[in-house]
Structures are given as structure tokens and as C-alpha cells.
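Hello,

Here is the structure I said I would hand over. My notes on it follow below.

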Amino acid sequence: MELTDTNDVSGKDNINFSKQRSELKGVSRWIFGVSAVFFVAVYIYSAGFGSAAEQYHLGLYLLCTFFLIGILYKFRQNSPTFRPSIFDIILVALSIVSIGYWIIEYPDLANRAGAYTGVDIVMGGIGLMISFEVSRRTVGWGLPIIAVVGVLYGLFGRYMPDAISHQGFSFRRIIEHCYYSQAGVFGIMANVMATYVILFIFFGAFLEKSGVGQFFIDLPMSLTGRSVGGAAKVSVVTSGFFGSVAGSAIANTVTTGAFTIPLMKRTGFRPHIAGAVEASASVGGQFLPPVMGAGAFLIAERTGIPYSRIALLSVVPAVLYFLSVWVMVHYEAKKQGLEPIPADEIPKLSTLLRTRWFYILPLLTLIGSLMLGYSAYKAAFYSILVTIVVSYFRPETRLTPRRILEAMVTGAKNSLAIGGAVGTIGIIVAVIDMTDLGRKFPHLVLAVAGDNRAIAVLLLGLASLVLGMGIPVTAAYLVTSELAVPILTEMGISIIAAHLIIFWLSQDSNITPPVALGAYAGAAIARADPWKTGWACFKFAKLLYIMPLLFAYTHILFNGTVLENVLSIGTALVGTVIFSILTMGYFIRKTQWYESILLALAAFLAYTYNIWTFMTALVLAASVLVLQKRFRIG
């Protein structure tokens with residue numbers, strides 16, 4: 001029996017760095033497969049029966065991740081394809097030595113903090129170097145370059161401009177802080193990944209491998225397939241279902257898009273529109289509880305706010321995002337005169353619910369466990385078990401022992417792209433911590449923005465976009481929030497709103513050219529022009545840039561009186577519909593320039609959540625409707 005998967009969906013690395021992946025054969029394939037199964041089994045067991053001590057919980061996670069990356073990801077493109085090269089073997093060996101040293105010496109390292117030995121420093125230096133290398137292999141040069149710049153900033157801070165200067169630190173001190181402190185390689189990112197994120201990545205792999213995930217495609221098709229633009233609406237709902245538990249917008253795109261994008265093309269959507277709709281809907285899955293691409297757990301870890309509250313507050317913004325994409329694809333379909341999905345391709349809802357209703361149980365188990373107060377990793381553990389059980393309800397979906405092993409290998413592979421960034425993110429965070437940049441950066445932004453929240457959000461959005469061009473969105477959130485949250489809280493924005501602003505903005509590199517990795521994934525499946533797909537995706541996902549402003553200015557996060565909260569949600573709902581119509585340039589017919597101005601003003605007034613501006617917005621929108629009906633142009 002071969003320990004390999006046949007349906008690998010590994011997210012960012014699968015799309016952007018596939019040339020770096022080896023096609024292992026023979027002994028190398030077995031070593032990787034056995035190691036991957038061990039890795040997944042340890043953390044599923046830990047989720048169900050309790051984690052080991054910290055040095056084993058964190059150390060084994062990084063050791064397994066770096067070990068698997070060393071075997072699977074090539075040193076360079078022309079390295080051997082079917083087996084590790086000598087450079088890969090060296091990386092694996094150094095990972096075992098350096099991380100193994102941290103695990104074994106963990107108690108003594110804590111006792112001699114501040115008085116580390118020469119061996120400690122050498123092992124720490126090796127650890128930093130392999131962190132750079134595994135990041136380079138999995139997510140490209142961007143993140144290691146940022147980390148190297150950070151180290152140089154730590155070394156030569158005294159020569160920097162006064163606004164960001166510091167006393168400077170020795171190379172030894174930087175190694176100590178980046179490798180051995182709680183802010184570094186084994187810091188918060190490693191802890192969140194080992195404790196939360198990988199369990200949901202594994203859960204997604206089990207859903208996909210079992211075929212249970214197909215239910216989350218068939219159900220939306222039966223619900224929306226008969227409406228105008230039904231194929232695109234299937235994409236929106238499917239991506240919401242799958243994305244709510246997936247750990248990556250790009251993994252969501254390539255998983256659900258393999259079905260929804262060809263379906264959209266068959267019903268008349270242009271290829272670049274089909275790819276863009278799927279990518280923009282998949283980004284929305286990162287905002288939708290219960291998992292939010294691990295965002296809810298990251299925010300809970302950073303703020304101390306209970307996960308349940310973060311998830312609850314995130315529901316309305318996520319629904320508004322999907323509403324926006326839904327309205328846009330509806331009017332895109334009307335503008336193009338597209339037909340619904342052919343009736344013979346749509347599953348009957350009654351038959352689907354009667355014969356496969358039980359496939360919803362894994363998701364209900366996850367949501368129910370979290371609502372009952374179980375930890376996130378315990379909820380993921382129960383959901384994986386339920387997935388295995390319900391897979392046996394139909395012969396074609398049964399997770400036999402062989403398929404369980406394949407799901408485990410797939411889950412391990414899917415965790416490597418973001419796992420490879422963990423160490424380097426820790427280095428960046430550690431440098432920010434030791435140089436006090438986290439306190440200086442806010443003053444720079446405040447000097448430009450003053451007390452204007454909109455300008456501050458705009459500047460932070462640009463910073464997040466630039467960061468996201470070279471690093472995964474989770475990394476962009478962690479790095480940007482380290483610097484930006486103090487800025488927003490100093491302006492009077494609540495801590496939860498500040499983190500959600502940064503979390504939403506951190507997703508922009510998936511849908512905004514020139515990078516737009518999610519859009520390019522959709523373009524690859526649609527066989528469309530990536531550039532056109534990127535800009536179309538930017539259009540469909542525009543609410544991503546509006547929502548942070550609502551977090552900053554309104555009570556959409558239930559931080560006001562009952563009346564203010566209700567008014568904020570109601571006006572945001574209407575404003576989102578108007579904004580989406582404005583974006584598509586089509587209502588009953590194509591909108592004229594003066595109608596677009598009226599709609600833009602209506603959307604702005606609706607979003608301000610004042611009752612009188614809201615009423616004015618309704619009057620303006622109604623005026624456009626009358627104009628469209630009365631004057632049929634073209």
C-alpha cells in the first residue's frame with residue numbers, strides 16, 4: 001500500500017510554487033508518507049486526549065514540518081525530482097539537530113536565560129538559517145527577505161533615521177531573542193498553528209478525501225441553481241460552506257473551483273469572470289465562522305477575548321460580504337443575459353436531503369462543540385471522527401484504512417505552505433519586539449493620518465497589501481497587527497474592531513493585483529487571462545475594503561446601544577446592496593453616469609447609519625429605479 005494522496009490540494013504552494021515540489025518515488029516516498037502519517041496522528045491524538053508538554057508540542061510540530069518540507073520541496077528547480085538532493089538531506093539533518101536540541105535542552109534553557117552558552121548560540125543560529133530556508137522553499141523569497149531586513153535593522157538600528165532608530169543589538173543577542181524567547185521561532189505563530197490551525201487543515205483533508213465535501217457542492221446547487229446566474233451563486237454558497245472550515249482561500253478556490261468554474265463557463269460566464277467569482281467567494285470563507293481560516297483563533301490568542309464572542313461578532317460582516325458577491329453575480333448574469341443551470345444537472349433538494357442529510361453532521365459537530373464550550377482543537381477532533389463515521393453511510397464515500405492514510409498524507413502536505421512560514425514570522429515578530437518598532441510605527445502613521453480613521457485604515461490597507469505580496473495572508477495579519485493595532489486603539493477603536501480591520505485587510509493580496517494569488521488560482525482553472533481575472537476579482541470582492549471602515553465608524557460589531565446596533569446592521573445591509581449594484585453598473589439596465597453618481601451617494605449615506613441619511617439613501621436609490629424604468633436606454 002502506497003502512502004500517498006491522489007487528490008492533493010495544498011493551497012498557495014500548489015498554485016504558486018508547484019515547480020519547487022518533488023514527485024517522490026520509492027524509498028523517499030515511503031519516508032515522506034510514514035512521517036506525514038506520524039505527524040498527523042500525533043496531533044489528532046493530542047487534540048483528543050491532551051497535548052504533551054510545551055517543548056514537545058511546539059518542538060515536534062516544527063521538527064515534523066521542517067523535516068517534511070526538506071523532503072518534499074526541492075532546493076532549486078533543477079534539483080532531483082524523485083528523491084531529496086544532498087542539500088535537502090542537509091536541511092533535514094540540521095532541522096533535527098537544532099530543533100531536537102531545543103526540545104531536549106528546554107528546561108535548562110529556561111534556567112540559563114540571559115546566560116546562554118556558545119553551543120546554545122550556534123544551535124540558535126542554525127535554527128534561524130533553516131527557518132529562512134524552509135520559508136524560501138514554501139512561500140518564496142518575500143518572507144525571508146523581510147526577516148533578513150528585520151535582522152539588519154536589529155543590528156544597525158543606531159544608524160537608522162531618528163523616527164525608527166534604536167541602540168542596536170549584537171548578533172548574539174538577536175539569535176537569543178529570535179530563537180529562545182517566547183516572541184520568536186517557537187512563539188505565538190507556532191503555538192497557534194500546532195494547537196489550532198493544523199487540526200482544521202486535517203479536517204478539510206478528511207472531508208475532501210471522503211467525498212463528504214461533495215455534499216457542500218450539491219446542496220447549494222439544489223438551492224440556487226435555478227435562479228438567474230445560478231452557477232455563480234452555487235460558487236458563492238459552496239465557497240461559504242467549504243471556506244468556513246478551510247484554512248486557505250486558495251485551497252478553497254482550487255477545491256470548489258474545480259467544479260464550479262467549469263459549471264459557470266458552461267452556462268455562459270466568461271472564463272475570467274468565472275475564475276474571479278470563485279476566488280472572491282473563496283476569500284469570503286476566511287471571514288465566516290466557525291474557523292475563519294484560523295483567524296478567530298489567532299485573534300482570540302492575541303486579545304484574550306473568548307473565541308465564541310469573536311465568532312459571533314464575525315457572522316454579520318461575513319454575511320454582508322457574501323451578500324455583496326451574490327448581488328454582483330446576479331446583476332452580472334442579467335447584464336450578460338445568462339440562463340440558469342440546466343434543470344437536468346440540478347440535484348433535487350428533497351432527494352439530496354433524504355439520501356445524504358447526514359453529511360452535514362461533521363459541520364454541525366464542529367459548530368455545536370464550539371458553542372458548547374469545547375476547545376477548538378477538541379471540536380476539530382470530534383468533527384474528524386464524525387466525518388469518518390458518516391463516510392461509511394454510503395459505500396462510495398467510505399474512509400477505509402487506506403483512504404484514511406491518504407487523507408493524513410494530504411492533510412500533512414496541505415499544512416506545509418503556512419507551516420514553512422512559522423519560524424520566519426517568529427523572527428520578524430521578535431525583531432519588532434526587541435527594537436520597540438511596535439511602539440514607534442504607530443506614531444509615524446498617526447503623524448500622517450492625524451485623528452482621521454479613514455486615512456489610517458487606507459494606509460494600513462496599503463501596508464497590508466505590500467506585505468501580502470510576499471507572504472501568506474496569515475503572516476500578513478500577524479505582522480501588520482503587531483504594528484497597527486496600537487494605532488487603531490489609540491484612535492478610540494475597540495481592540496476587537498482593530499484586529500478585525502487588520503484581519504480583513506490582510507486578505508487583500510488574494511484578490512488585488514498585481515499579486516492576487518487567489519484570483520490567479522481561479523484563472524488557472526478557468527484557463528483565463530490572470531490579469532483580467534485579477535481585476536474582475538477585485539471588483540467582486542470590493543466589500544473587503546468597505547467593511548474595515550464600517551468596523552471603525554459604525555456599531556456593526558454590537559458595540560453600541562440596541563438601537564445603534566440594529567440601525568448599523570440595517571443600514572449596512574441596504575448600503576451593501578446599493579454598493580454592489582453601483583459596482584456592477586447595471587440595475588434594470590446599464591446605469592448611466594448620473595445614475596452612478598446617485599447610487600454612489602446613496603451607498604455612502606446608507607453606510608453612515610444615521611436614520612435621516614439612511615432615508616435619504618432610500619429616496620436616491622428609488623429615484624434611480626424610477627429613472628431606469630422610465631427611460632430604457634439602449
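A residue counts as buried under 20% relative accessible area, as exposed over 50%, and as partly exposed in between. Please keep in mind that this is a predicted model. By that scale R270 is partly exposed, because its relative accessible area is 38%.

R270 is a good place to start. Its side chain meets that of E332 in a salt bridge, at 3.1 Å from N to O. R270 sits in the loop between α12 (249-266) and α13 (271-284), while E332 belongs to helix α15 (residues 307-336), so the pair ties together parts that are 62 residues apart in sequence. E332 has a relative accessible area of 2% and is therefore buried. The bridge thus joins a partly exposed arginine to a buried glutamate.

The structure holds 12 salt bridges, and two others that I looked at lie within single helices. In the first, the side chains of R137 and E133 meet at 2.7 Å, N to O. Both residues are in helix α6 (residues 118-139), four residues apart, or about one turn of the helix. Are these two partners buried or exposed? R137 is buried, with a relative accessible area of 1%, and E133 is buried as well, at 17%. This pair also belongs to a wider arrangement: D88, E133, R136 and R137 are linked in a network of salt bridges.

The second is in helix α19 (residues 401-419), where E406 and R402 are again four residues apart, about one turn of the helix. The closest N and O atoms of this salt bridge are 3.3 Å apart. E406 is buried, with a relative accessible area of 8%, whereas R402 counts as partly exposed at 40%.

Next, helix α9. It runs over residues 188-210, which makes 23 residues, and spans 32 Å from its first C-alpha to its last, close to the 33 Å expected at 1.5 Å a residue. The helix nevertheless has a kink of about 45°, centred on A194. How much of α9 is buried? The count is 20 of the 23 residues, so the helix is largely enclosed by the rest of the structure. Just after α9 comes G211, which takes a positive phi of about 85°.

Another contact to look at is at S391, in helix α18 (residues 376-391). The side chain of S391 reaches the backbone nitrogen of L399 at 3.0 Å. S391 has a relative accessibility of 0% and so counts as buried.

Finally, the surface. I86, F87, I89, I90 and L94 make a nonpolar patch of about 440 Å². One of these residues, L94, is found in helix α4 (residues 86-104). L94 is partly exposed, because its relative accessible area is 32%.

If you open the model, I would look at the R270 and E332 pair, then the network of D88, E133, R136 and R137, and then the kink at A194 in α9.

Regards

How values were computed
Residues are numbered from 1 along each chain as its sequence is written. This is a predicted model: local features need pLDDT of at least 70, side-chain atom pairs count only at pLDDT 80 or more; totals for chains, interfaces and linings use all residues. Side-chain values use heavy atoms; hydrogens and water are left out. Helices (H or I, at least four residues) and strands (E, at least two) are DSSP runs, numbered from the N terminus. The expected span of a helix is 1.5 Å times one less than its number of residues. The bend at a residue is the angle between axes fitted to the seven residues ending there and the seven starting there. Buried means under 20% relative accessible area, exposed over 50%, partly exposed in between (1.4 Å probe, protein chains only). Patches are made of residues with over 30% relative accessible area and no salt bridge: like charges are joined within 9 Å, nonpolar side chains (Val, Leu, Ile, Met, Phe, Trp, Tyr) within 5 Å. Accessible areas come from the Shrake-Rupley method with a 1.4 Å probe; for residues, only the protein chains shown count as cover. A salt bridge is a side-chain nitrogen of Lys or Arg within 4 Å of a carboxyl oxygen of Asp or Glu. A polar contact is a pair of N or O atoms within 3.5 Å; within protein, one must be able to donate a hydrogen and the other to accept it, and residues adjacent in sequence count only if both atoms are side-chain atoms.
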